[in-house]
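Visitor: I would like a close look at a single part of this model, namely its salt bridges, beginning with how covered the partners are. Please then carry on to whatever else helps to place them.

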Amino acid sequence: MPAHDLYGLTLETVWIPAAGEQAMAYRLTLHNDGATAIDNFRLCFSGPCQVDATATAEGGHIGRRLSTFTELLPPEGLELGAGASWTVTIHGLSWPFQHWTDGARGAYLLFPDGSTRQVATTPTKRMGGNAAPKRGMEPYPVPARPPAPVSVIPWPNHVALTRLGPVPAGLTLLAEDAMATAAAAAFRRLTESLFAVEGIVRAAEEGGLPVHFHIRQTLAAEAHELVFTPGSVAIHASGQTGFLYGLITLGQIWRGAHHYPHTFGFPAEGQIADAPAMGWRGLHLDVARRFYGAAEIRRLLSILAWNKLNRFHWHLSDDEAWRVEIDAYPALTATSAWRGEGLAIPPLLGTGAERSGGYYSKAAIRDIVGHAQEYGIEIVPEIDMPGHCHALQIAIPELRDPDERGSYHSVQGFADNCLNPARETTYRVVETILAELIALFPFRTIHIGADEVPIGAWSGSPEALAKLSEIAGRDMSEAHAKRLNVITNTHGADAIEGSGAAALQAIFLRRIQAFLTAQGCTTGGWQEAAHGNVIDKDTTYLCGWRDVAASAALADEGYTMVVCPGQAYYLDMAHSADWDEPGASWAGASTPEMTYAFDPVSGWNEAQKARLLGVQACIWSEPMLDRAVFDRLVFPRLSAVAETGWTRPEHKSWRRFQASAGLMPVLYGAA
């Protein structure tokens, strides 16, 4: 029996694109598949879609609405009999749908006594024809005659193999030095977590090939050299991470030859000498829109290590949720880590009426940090501010100016979601939170977001207007004075339009960065952190997400850059514009081949390249309610970004990469 039959209620939805004079619309049909009539209910749904504040409903009425949550009221007195249906059409959405994952992903009925009843949802269809929705990683079959004799991703920068030999039963790690021993233990745990039954690491009595370790202090921390001789392999490195990366290269070669012995080989003679092209090779994961348990995070870190990625940017807060335990403010996790009907934060992005979400305890974070460090990965936590702070404000309401009037909205549909830079309470709370965060993350690099502050932010706050008048009267550069000139005419919402919001954000960023610097920390931010040009460039790096030209311009201004442009490195973007592909499309679409071929420093001059820290893939979790959708969107594009960060451009080859992509592990599907 299909699962939908067990609910007794089904919601079918259809996206109707604009055509001629007909505006776009969204049609929702609730089917009563049960044996009894229902009445006196409200239909609540959520998904990535946003119903605009000015939207109207045909066949019903719009009730509560927050970001991606919408409540629909049926016509008065409607009784939905057994086998009957109710249809409502919404006119006025925040943006047109592009993919089947854009529509309603979760729904339920709400009754006057507060009880709820789950409604099964089907993938949103598009008027005019549909193919079956795609889920799961696209197959990458191994060709009979691959372009390279061995399977490795990212591809090494120097490969000189002279002879292939038989595939050993496994690898026997003969580590004696402390750093080699630590690397061998990490590699054993890594392979057991990713490929539990394969037995890559074996004892000599099980036929394992001897692997010897040699310290070479002249090699950089991540560099390594593999020397193959008949009957053994030697790994040269200067420390634990170099040894681990050499073992990962060896393990990948072994897996290719083990699974496809007539396609890939195992070297009997030759040499591989390798070191990364870029020092920062990262992945950003948004856990605010979707919560990922500690076990999922640990497996993801194992996958990063297998791809020789060395930075994990952990997006721990946003409007939709707060995900990290803070002792000073227990309400953050008691209130803002959860969504559900009747809670402070309603269901969003497809979650249901039930209480859902979670957070990471300090003990869990310490365990995850230790897991990452064992694999040469440093973790950068992000608390996004001053924007994207709805969940933070819900838990700590004193962050708001009590006299603030009027309303501004973020692009995600949250009202008044920015921390007020004019309030001392803001800095007391933020510095307390950051102090606890710093104690958890030894890399001492804290990302503070600074993106997407609405242009009208704080426009109704008397405290903000007073602060702007105060700074306008101080000594400042002529250019800065011109930017602030508009704010001296304090006329309500128009008083800080554009330049005023930027000026207030600059006040906030300068103060928060000074606090972090005093704690010995580097400050990270999205590229909007450069607004106002007030942060100390020597202790800051920026993530350039718009395009490579914008990142190059910031490099020209002296900022250290991590390049992560949305059109190529945002892994929530769909593979193509086709409706049956999952994901988003606001930044464009990128197939794995396009992501692989993308040049993150196209058009950069040498001076700009000197400011390049590296590259980073970004996972924003809005479309990833289905974990099979996660696998499809992330893999193998994550490996494509990893190879760009590691392998020099002249050594890259899509055909060679494609031949090995199917051997790389994924998060949820088969490895």
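Guide: Asp626 has a relative accessible area of 18%, and because buried means under 20%, this residue counts as buried. Its partner deserves the same attention: Arg105, at 10% relative accessibility, is likewise counted as buried. The two form a salt bridge in which the closest N and O atoms are 2.9 Å apart. Asp626 sits in the loop between strand 30 (612-619) and helix 16 (627-634), while Arg105 belongs to the loop between strand 9 (85-93) and strand 10 (106-110), so the pair ties together parts of the chain that are 521 residues apart in sequence. All of this is read from a predicted model, and the confidence values should be kept in mind: the mean pLDDT of the protein chain is 94, with 95% of its residues reaching 70 or more. An exception is the stretch of residues 475-498, where the pLDDT is below 50, although in the model this stretch has 36 contacts beyond near neighbours in sequence.

The structure holds 29 salt bridges, and a second one can be set beside the pair just described. Glu269 forms a salt bridge with Arg163, and here the closest N and O atoms are 3.5 Å apart. This pair, too, links distant parts of the chain, since Glu269 lies in strand 18 (residues 266-274) and Arg163 in strand 13 (residues 158-165), 106 residues apart. As for cover, Glu269 counts as partly exposed at 30% relative accessibility, and Arg163 is also partly exposed, with a relative accessible area of 39%.

A third pair consists of Arg289 and Asp286, whose closest N and O atoms are 3.2 Å apart in their salt bridge. Arg289 is buried, its relative accessible area being 2%, and Asp286 is buried as well, with a value of 0%. Salt bridges also occur as a network in this model, one that links Lys134, Glu138, Asp580, Glu581 and Arg632.

From the charged pairs one can turn to a polar contact of another kind. His31 lies in strand 2 (residues 25-32), and its side chain makes a polar contact with the side chain of Ser85 at 2.6 Å. Once neighbours within four places in sequence are left aside, the residues in contact with His31 are Gly8, Leu9, Thr10, Glu12, Ala84 and Ser85.

Strand 7 offers a view of how strands are paired. This strand (residues 69-73) is mostly covered, with 4 of its 5 residues buried. Strand 4 (residues 42-46) pairs with strand 7 in the antiparallel sense over 4 bridges, and in this pairing Ser46 stands opposite Phe69 of strand 7. Strand 6 (residues 61-66) also runs antiparallel to strand 7 and is joined to it by 4 bridges, with Arg65 standing opposite Thr70 of strand 7. Strand 6 and strand 7 make a hairpin with 2 residues between the strands, and in this hairpin Ser67 takes a positive phi near 55°.

Key. Residues numbered from 1 in each chain as written. Predicted model: local features only at pLDDT ≥ 70, side-chain atom pairs only at ≥ 80, totals over all residues. Heavy atoms only, no water. Buried < 20%, exposed > 50% of the residue type's maximum accessible area, 1.4 Å probe, protein only. Pairing = 2+ DSSP bridges. pLDDT = per-residue confidence, 0-100. Contact = heavy atoms within 4.5 Å. Salt bridge = Lys/Arg side-chain N within 4 Å of Asp/Glu carboxyl O. Polar contact = N/O pair within 3.5 Å; in protein donor to acceptor, adjacent residues only side chain to side chain.
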